[in-house]
Every structure is written in C-alpha cells, then in structure tokens.
Amino acid sequence: MVLPTRSADESTDRMLEDLVLDTTCVVTTAKTFKALADQCQDPSTRTHLTQHPSNLSQTLCTVLQRTLNDLRQLSSSESSRADDVFLLIQTLRCMGNLSADNNDARAQLLEHGGVASIGSVLGVAEAQSEPLLTRAAFGAALNVALDHAECSKALLAAGALHSHLQVLGTGVPSDVWPIVCMSLDNLCEHDDAAAQFEGHSDYAASVVRTLSLLSRRADGDQLARGAMRTLVWVLCETVEKSAPVRRQLCSPSAVLAIFDLLDFYLSLPEPKEDDEDGDDDSTLSPAPALPNRPIRQSAANRYADAVTQAIVGVSGEDEALAALFPSQPLMSRLVSILTSNEAGSPRADAMAAAAALCLGNLARTDDHCTRLVAEHSAVVSTLIHEWLIPRSVNVRTRHAASGLLKNLCLPPANRPSLAAMGLVAAAAASVKSAVVPIQANCIGILRHLANGSPEPDTVLEMVNVALADALSVVKETDVDAIRCEATRLIATIAKRVYLTEGNHVARDVIDNSEFDLVTPLVRLVMLDGVRHPLLRQESLVALTVLATQPRHVGGIIRLLAKENSAPLAKPPTTDAITEVEQNGFAEVLADLITNGADTPLPQAALQAKSLVTQLATSSATGSDEGVSVLRTMLVPLLS
C-alpha cells in the first residue's frame, strides 16, 4: 500500500471513512491498518498522519472499540472471532507505532477514547492467551503512555494494572516479557498507580513470582534477562514508595524468594554499561528505550543493590517482626548465609550484608535480641570475628554487622555473653575507623557494653583497648555526632571504673596513665550542652565522680580558669568565636546553677551544684587561679 500524499487528502478521507462505516470487510480493514502500522515506523510518516485532516487516530479508536465489542459477543463464530483478533492486532500495532515518541498522536487517541479502549483490550481473554495479540496490546499500551501522565492515568482507570499482573502469571513467549514489564514500569511512575498497587493484594507477590520464573529462564535467554532488569526496578520503586506494598511481602516465602533473586544477580558477571537496555524491540515499534534508574548505593552489581534495598525495606516494617522472625526456614537461610565458609568472596560478602541488614531489622525487640544470642551463638560469633573486624574488605557488610551487633547489645541480658565472645576488642578496633557509620556503631556498642553492671574484666578490657582511641577521637574528629558519642563512652567508663566495686585494676591503669578524662567531658558541657542537655547531664555526673579522685580533681579546677577552658568551646570546623564561646567552664556552671531550673533538663542545676560542692572539698589540689574562681564565683552560688 502506498501512503497517500497531502495532495490526496480527499481520497484518504474517503478511505478512512469507509473503514469506519464498513463493518463487513474485517480482513481488508486489518490489512489496511497493517500497512499503515508498517509505514508508521518512520517518524516523518507518523508526523504526517497525525497532522492529516482525516484524523487517523479517530478512525483507529472507532474501529478498536467496535471490534472489541464484537469480540465480546459470545455468539460469534470461531472464524469471525479469528478475524476480529486479526483486526485487533493490526489496529493496536497501528496505534502503538503511530504514538511512538508522538505526543500529538497520544493526545488524539486520548481525546477519542482510544487509550481507555487499549486498557480494556488488555483484559480480554484473547489478550492473555494469543501471543500476537498480547504483544500488540501491551506494545500499544507501552508506546501510547510512555512518559505521558494523562495516558497512563487513563490506562490505570481502565484496569490495566490488573491485566499486567495477570499476564505476568502466565507462560507468555519470551519476546513478550520485556514489553509487559516496560509497560508496567511506565505505569508505576504515575501518581495514581500507588493506590492501585496497594489495593491489589497480590501485586508484590506477583512481581516476585515472575522474577523467580524469569531467573530460571534467564540463563541464555537475553529477553528474559532484560525483562528481569525492568521488573526489578518496578519492584524496588514500589517497595521504596509504598509501605502497604512492603507489607504485602512480609511473608517468609516472599523474602526467601527475594534472597534467591539476590543470589541470582550476585552470581552474574558485572553488566556492561552499554548493555543496560540492550533488549530493543524494533519489530514492534520504534519506542525509545527507558532511562536507567539510579540506585542510592553504588556497588559492583547495581541490580543486587536494588534487591538488597527491597529486603531492607520489607524487613523494616513492624509487621515483619511477627511474620518473619519466627520462621524457621527464613532463619535457617540467614544463618546459613552468615556462617558460610565462602567469606571473602564478593558474592558471599554481599549476601552476608543483606542477611545482616535483614536480621538487624528483625532484632528490634529485646525478646528477639535475647533469642538470637541464646539460640544462634555461632552466628553472633561469626558476626564478631568474620564480618565486623577491619580486615573484612566489604564496608557495607561491616556496617550491617556493626548495626546488628549494636542492636543485640541493647538488652542487658545479652551483654555478658557478647563481651565473652570478644565483642569489646572487635568493636574497639573500629573506634577510629574512617567510615563514620561503622565508627558510630562500634562506639555505641562499647557504650552499651559498659552500661549496667559489666564484669570487671570487661571494664578493664575497655580501658586497655578502647579508652585511648576514644580520647583521641574526641580531640581529632570534626563530626559532632562522633565526638558526642565518644565522650559518652568516656563518661560511662569513668563512672564504671570509679563507682563500681571490683574495678580497682582498671582504676590503677587509669591513675598510672596519662589519660585525660576531664577535658572531653568539660568540652561537651561547654560546646554541646545546650543542644544535648542529656549528654551534658551525663558529663556533669561523670565530672562529679572524677572530682572525688585526687588524680582528676586538679584538672577540673584548672579548667575553671577562663583562659584554660574558653578554647574548648570553639567548634573544630570554624574559626569564629561567638559570644557564647567566650565563656569559660566556670561561667557555664554558674549559669546552670542560676538558671538551670528553667532548662529542658532542670536536673542539670542540681548536678552542677553537686560538682561545685565536691570541688570545694578538694580545692587545695587545684591551680591557684582555678581555686580562686571556685571560691569567689561558684561557691557563693550554693547558698
């Protein structure tokens, strides 16, 4: 068929009008649309037909709706239905190719109801069972709605989401998978999609089942692998955006399937950048390839990263605590991953990171934490000695392991067992880590282990292996959170050493060393006290304890002199000294005693008074200037 030129407009009008009016020559109409569909693969032809006064789009919409109605007539003969299917295929091919990268054609199809009709075709039985019709229908849905919000909305309103999920659960030919998945991916981006995803109780499970099916076909099947790539983004985008979708996956079978998917991707070689969207479908239509979707974490395998994020999102839901933790198959899988003898390989490290992140999310209650330590001590020991220690090259795995171990330290019942397993030394090795999240977790681990009633051996080990690094971090770091957390650790150790019976060996180690416990505590009170009143209170308590010891009281009194303490209030990242920073430690204590009752933590006033009272009893050991400030400025405020 030769495409009519602009000089033949009247002939074209007549031809298209005949196609609409003539309901008997179904095959002829189909062949006409087939020829037009083939010619619409050329961009200039698409533009010409879109701008043509005869309005091909309106004709296509009319024929599509009429043929769809005929197909729904149960009384139709078998041959008649075959003709209707043939006409539907060619009409949809023509609509899909006409709308490829053509917003004018999309607007016309939308105006005349064609987009809604395409959505309706997706749901008919033949579109689910006839491969050629499936390909044409979902290809038209993809092209007409690609990056077009209004067309996507019309498809969703016509029930297209349910149709996509139905097809995903059937054994369609390999060349249809990428089209269906790309079309679903496009619908996923529309704002109206979220509510439908959430309302479809089997949505997430359908996607996971399809990914599992495709992974079994993907060995040697590039089309199946390409469909998987698209469907992974669909799954991860909806899991990230929607809590109800995450809750749909809160079942052991679904999470186990996602771990299988992760294992599949980790077993593949690193994908080449120019192969990301290599599964082109030029035989259907000239639709442009969908853009890549970046993942927040960068690693050797971006798809594995995306799946790991889905695992984290699902296991982080509150419903996961009851649904996943009691599952023996899931726990056995996590234990197997974390105790694998393949530690050190990229695949084993990445699987361990995902397992630790998942287990860390599930260990968010004291009961789960205590059961994990009691029932799976081998896993905990492996986390400490294989995954946390600095020799592990995978930073994400170390971060995941440190987060999980920090959770396990929260119940007091777990702390003796964890300390006995060697957690103190393992965490102390990362107190000065350059990776801030790992550093923060390890300092937090040590602080939790020091809380409560730790064994004297545990306290002594902390003094020997962690205290020096914590003091160094406080001096050197420019990260406020790390400085505050390390100072809290120092305060906790000081209280354990000097308040708890049985820690005389650790006390002797500190007293015979050059450790300066006073300066970081004073600095926190001055620099961070207003922002962190609880931390200020902890530091004041620790300073009061240290004020009872001849080894430390002189250092506290020395810092009462303004010239000695004012520099401590200068933030490490700025050269500016504000008016608040010009105050010395004595002025801060005086303000707390005078106005502390009006602060968010009024106990600070009482604690400041206790510190001054204790200093007054030992003032003879301090510097002359510090003693003078104590007696003339602070002691009078006690009365």
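**Surface and overall make-up**

I looked up the accessible surface first: the protein exposes about 26,300 Å². Carbon and sulfur atoms own 52% of that area. I note here that the model is predicted. I then checked burial: 55% of the 639 residues count as buried.

Next I listed the secondary structure. I found 38 helices and 0 strands. I also checked how contacts spread along the sequence. Among contacts with a separation of 6 or more, 74% join residues 24 or more positions apart.

**Helices α11 and α12**

I took two helix pairs in turn. Two packed helices are described by the angle between their axes and the distance between the axes.

How do the axes of α11 and α12 cross, and at what angle? Helix α11 covers residues 160-168, and helix α12 covers residues 177-188. Their axes come within 10 Å and cross at roughly 150°. Angles over 145 degrees count as roughly antiparallel, so α11 and α12 are roughly antiparallel to each other. I recorded their crossing as left-handed.

I then pulled the contact residues. From α11 I have Ala160, Leu161, His164, Val167 and Leu168. They meet Trp177, Val180, Cys181, Ser183, Leu184 and Leu187 in α12. By class, the residues of this contact divide into 9 nonpolar, 2 polar and no charged.

**Helices α2 and α4**

My second pair was α2, residues 26-39, and α4, residues 56-71. The axes of α2 and α4 come within 13 Å and cross at roughly 140°. Are α2 and α4 oblique or roughly antiparallel to each other? The angle is not over 145 degrees, so I logged α2 and α4 as oblique. The crossing of α2 and α4 is left-handed.

On the α2 side, Thr29, Phe33 and Leu36 make the contact. On the α4 side, I noted Leu56, Thr59, Leu60 and Val63. The residues of the contact of α2 with α4 divide into 5 nonpolar, 2 polar and no charged.

**Helix α36**

Last, I checked burial in one helix, α36, which runs over residues 585-595. Which residues of α36 are buried? I found Phe585, Ala586, Val588, Leu589, Ala590, Leu592 and Ile593.

What covers the buried residues of α36? The cover includes α32 (518-527), α33 (533-546), α34 (550-558) and α35 (562-565). It also includes α37 (603-617) and α38 (624-634).

I kept one general point beside this entry. An α-helix has 3.6 residues a turn, so residues three or four places apart point the same way.

How values were computed
Residues are numbered from 1 along each chain as its sequence is written. This is a predicted model: local features need pLDDT of at least 70, side-chain atom pairs count only at pLDDT 80 or more; totals for chains, interfaces and linings use all residues. Side-chain values use heavy atoms; hydrogens and water are left out. Helices (H or I, at least four residues) and strands (E, at least two) are DSSP runs, numbered from the N terminus. Buried means under 20% relative accessible area, exposed over 50%, partly exposed in between (1.4 Å probe, protein chains only). Contact means heavy atoms within 4.5 Å. Accessible areas come from the Shrake-Rupley method with a 1.4 Å probe; for residues, only the protein chains shown count as cover. Axes are lines fitted to C-alpha atoms, for helices over the stretch in contact, and angles run from 0 to 180 degrees between N-to-C directions. Angles under 35 degrees count as roughly parallel, over 145 as roughly antiparallel, 65 to 115 as roughly perpendicular and the rest as oblique. A crossing is left-handed if the near helix is turned anticlockwise from the far one by less than a right angle, and right-handed if clockwise. Ala, Val, Leu, Ile, Met, Phe, Trp, Tyr, Cys and Pro count as nonpolar, Asp, Glu, Lys and Arg as charged, and the others, Gly among them, as polar.
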